[in-house]
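Work through the three exercises below with the model open. Each task is followed by a solution in steps.

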Amino acid sequence: MATHPDARERAEQSETFDPWPEPLPLRDDLPTVPTFDPALLPRQLRGWVMDISERMNCPADLVAIPAMVSAGALIGRKVGIRPQRRTDWLEVANVWGCVVAPPGSLKSPAAAEALGPIRRLEAKAAAANEIALADHKAREALYKLEKERAEKAARAALKGEGGNGARDSALSMLLGVTEPTPPAIKRHLTSDGTAEKLGEICADNPDGIMVHRDELLSLFADLDRPEKASARGFYLTGWGGQDGYTFDRIMRGTIRIPAVNLSLCGTTQPNRIAGYMRESLQNFDDGMVQRLQLLAWPDFGGTFREVDRYPDTEARQAAQECFTDLADLDVRELGATWEEATGPYGVPFLRFAEDAQEVFAEWRGALEQRLRSEEMAAAMTAHLSKYRGLIPRVALICHIANNDHGPVSLEATRQALGWAEYLESHAVRAYASLSLDNAEAARAIWRRITKGELPQPFTARDVQRKGWAGLTDAERLGAGLRALQEANRLRVVKVETGGRPSVTFHVNPKALRS
């Protein structure tokens, strides 16, 4: 972009005796991430995920993340895992995931393919629900007829017709008429709905439900609104996957949910997640953004390779059978333990096999030591602290989706630890994107400078008063100005005014000339 001559002249006139350093490029390179390893996937899903990835010419991450979230959603809280030998610390299988990919990267079609099995299960459940509701309506009609007949007999008995025997018989008839209970509506997947409606779905499905949003951060942004504080709290409860919840509303009345277990999955774009994470970390301290633990931000590029072949029907069938088995999971066949003390809504559980327990304990010890160091940023510490619960959850999903029984195996545990290493690299990239957003703000400021639209020198307030898109937020503006300083394009000069010093920004003429 050519620099406006007035901007260059004003900058050169303001140049001080102190020589200007050479300008540097803005720092916006993202950390590298590994290519997805198919060995991380459960055996029954591996071939299917990789077949979709190859046929669509997209990174396997785009298919693997929604596939794993779907598997966890179908297990839900039917069975949990106690990650230690003796304590009652319990984790259940629901997880939250998000794929970060640029527009046109096939992230939505890839997710649609990965969600195919759970959508088929949802359609099957919908058909069964229709039959159950039709049967319920018939029972309601019969109930109304029986109730009318009993009430008629009771009125006649109260008038003295038939004596005491008739009254007793009418009373017995009236008491014997019971209103049929509506059937529980079985659900596996939903895409949109208020928290109250989602609560009704969860009341019928305490084992868990999956929420899929194509643009996931639109949901998060909605939950950030002050009037949605209750809905935000509901989702946070659902992430834990074990606690109950009660809605008290004037119109809807009271909805008591024995357990809220929410799995969450969606996609977003790189520029959106950078902006959202920055705002969320500044304005909230409830760890909402850190709960997106199955977060993948893969690389795109390389050579396109035309793949025009039929899907691998054997791999697809194996995956469909796996998801069906998870939906119909019989925890007794798994060898799970259930304790009566936990009550009717307690969760049966597995523990690690002995060799797997030792591997997990060693990994967790290293994690806890890292979390206690002062070298890690606070946001990253908060994110990785949730891995202590995430890894047992992933191990449980892999174990069951591997079609294994009994204690959680060493194989599944090693798969989960592989996920930990993979996911951490993507989390590092996501948090590093905050500097990418700073660079975008810096570029927006620099464009205005080169066009001569700011005085020389200028203040942050000079920029804010212009009302330029993306530069009205003080935090983002400040980050952009700091990025320009780090790139030797601006110099800060403090002017003493007798009170709070005034901060002005001087433009490096060398940067304008380049």
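**Exercise 1: cysteines**

With a relative accessibility of 1%, C322 counts as buried. The model is a predicted one.

Task: find how many disulfides the whole structure holds, and why C322 and C58 are too far from the closest cysteine sulfur for a bond.

Solution.
1. A disulfide needs two cysteine sulfur atoms within 2.5 Å.
2. For C322, the closest cysteine sulfur belongs to C398 and lies 10 Å away, so the pair is too far apart for a bond.
3. For C58, the closest cysteine sulfur is that of C265, at 14 Å, which is also too far for a bond.
4. C58 counts as buried because its relative accessibility is 7%, under the 20% cut-off.
5. The search of the whole structure gives 0 disulfides.

**Exercise 2: sheet**

Task: state the strand order of the open sheet and which strands stand at its edges.

Solution.
1. The sheet has 3 strands, ordered β2-β1-β10, with mixed pairing.
2. β2 (91-92) and β10 (349-351) each have a single partner strand, so they stand at the edges and one side of each lacks a neighbour in the sheet.
3. β1 (residues 80-82) pairs with β10 in the parallel sense over 3 bridges.
4. Within this sheet, I81 has L350 in β10 as its bridge partner.

**Exercise 3: surroundings of A420**

Task: decide whether A420 is buried or exposed, and name its contacts beyond four places in sequence.

Solution.
1. A420 sits in helix α16 (residues 410-450).
2. Its relative accessibility is 4%, so A420 counts as buried.
3. Beyond four places in sequence, A420 contacts W363, Y387 and I391.
4. Y387 is 33 residues from A420 in sequence, with 7.3 Å between their C-alpha atoms.

Note on methods. Residues are numbered from 1 along each chain as its sequence is written. This is a predicted model: local features need pLDDT of at least 70, side-chain atom pairs count only at pLDDT 80 or more; totals for chains, interfaces and linings use all residues. Side-chain values use heavy atoms; hydrogens and water are left out. Helices (H or I, at least four residues) and strands (E, at least two) are DSSP runs, numbered from the N terminus. Buried means under 20% relative accessible area, exposed over 50%, partly exposed in between (1.4 Å probe, protein chains only). Contact means heavy atoms within 4.5 Å. Two strands pair if DSSP finds at least two bridges between them.
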